[in-house]
Amino acid sequence: MFVDFNEMPDSSRVWIYQANREFTEAEISEIETKLEEFVTKWVRHGDDLKGSYTIKYNQFIVLAVDESFNNVSGCSIDSSVNAMKQIEQAFQVDLMNKMNITFKVGENINLLSLADFQNYAKEGKITSETIVFNNMVQTKKAFETEWEIEASKSWHQRFIPSKVS
């Protein structure tokens, strides 16, 4: 059962899929159609799931499910991963690489491998104030408040050198 993302409860479980490039407007239109079709038919052992999605910065797909309506199962999570893999194939994009890190410089979204992110941090190109995307958040509320956040307030902090006085 598809519901507008803004109507999903704060406790809804989320999964964030980060693309290795921005989607075009035409791609976004197609992806939205595919996601709405998927979420409309998304079930757990035959029971409807109440779900939604949003696309942020033309690069992040956020899938949500209201577990107060019905809990997801391993099979329903697998079906969502398969839907993302189909999007990957259709649009020649990588959504599954958890070793890519994204951060903002001004309004620009930058993507680096974890190793390059660590090097940028060592070189001072990324600081504790740098806005990073914490794709590990698990609820809609956390997505809205802790996803786009300073590196000092995220797991990314471990890569930022401590200032020595």
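Does L111 count as buried, exposed or partly exposed, and what is its relative accessibility? In this predicted model, L111 has a relative accessibility of 27% and therefore counts as partly exposed, given that the buried class ends under 20% and the exposed class begins over 50%. The residue belongs to strand 7, which spans residues 108-113. When neighbours within four places in sequence are set aside, L111 is in contact with Q18, A19 and N20, with N100, I101 and T102, and with Q59. With regard to N20, the C-alpha atoms of this residue and of L111 are separated by 7.0 Å, although the two residues stand 91 residues apart along the chain.

A hairpin is formed by strand 4 and strand 5, with three residues between the strands. Strand 4, comprising residues 51-56, is mostly covered, since five of its six residues are buried. Its partner, strand 5, comprises residues 60-65, and the two strands run antiparallel and are joined by six bridges. Within this pairing, T54 stands opposite V62 of strand 5, while in the hairpin Y57 adopts a positive phi near 55°.

The largest pocket holds about 380 Å³ of space. Its lining is made up of 20 residues, and those that lie nearest the centre of the pocket are I16, K98, N135, M136 and V137. The elements that contribute two or more residues to this lining are strand 1 (13-18) and strand 6 (100-105), and of the elements it is strand 1 that gives the most, with six residues. In terms of residue character, the lining of the largest pocket divides into 11 nonpolar, seven polar and two charged residues.

A further site considered here is K140, which lies in helix 4, a helix covering residues 140-146. With a relative accessibility of 3%, K140 counts as buried, because the limit for that class is under 20%. A polar atom of the K140 side chain lies 2.8 Å from the backbone oxygen of M8, and M8 is also among the residues that K140 touches when those up to four places away in sequence are not counted. The other residues touched by K140 on this basis are F5, N6, P9, D10, S12 and V14. Taken together, the two residues described individually fall into separate accessibility classes, with K140 buried at 3% and L111 partly exposed at 27%.

Methods: Residues numbered from 1 in each chain as written. Predicted model: local features only at pLDDT ≥ 70, side-chain atom pairs only at ≥ 80, totals over all residues. Heavy atoms only, no water. Helix = DSSP H or I, 4+ residues; strand = E, 2+ residues; numbered from the N terminus. Buried < 20%, exposed > 50% of the residue type's maximum accessible area, 1.4 Å probe, protein only. Polar contact = N/O pair within 3.5 Å; in protein donor to acceptor, adjacent residues only side chain to side chain. Contact = heavy atoms within 4.5 Å. 1 Å grid on protein atoms, 1.4 Å probe; cavity = no way out; pocket = protein on both sides within 12 Å on 5 of 7 lines; lining within 4 Å. Points joined across faces, edges and corners; volume = space filled by probe spheres on them. Nonpolar A, V, L, I, M, F, W, Y, C, P; charged D, E, K, R; others polar. Pairing = 2+ DSSP bridges.
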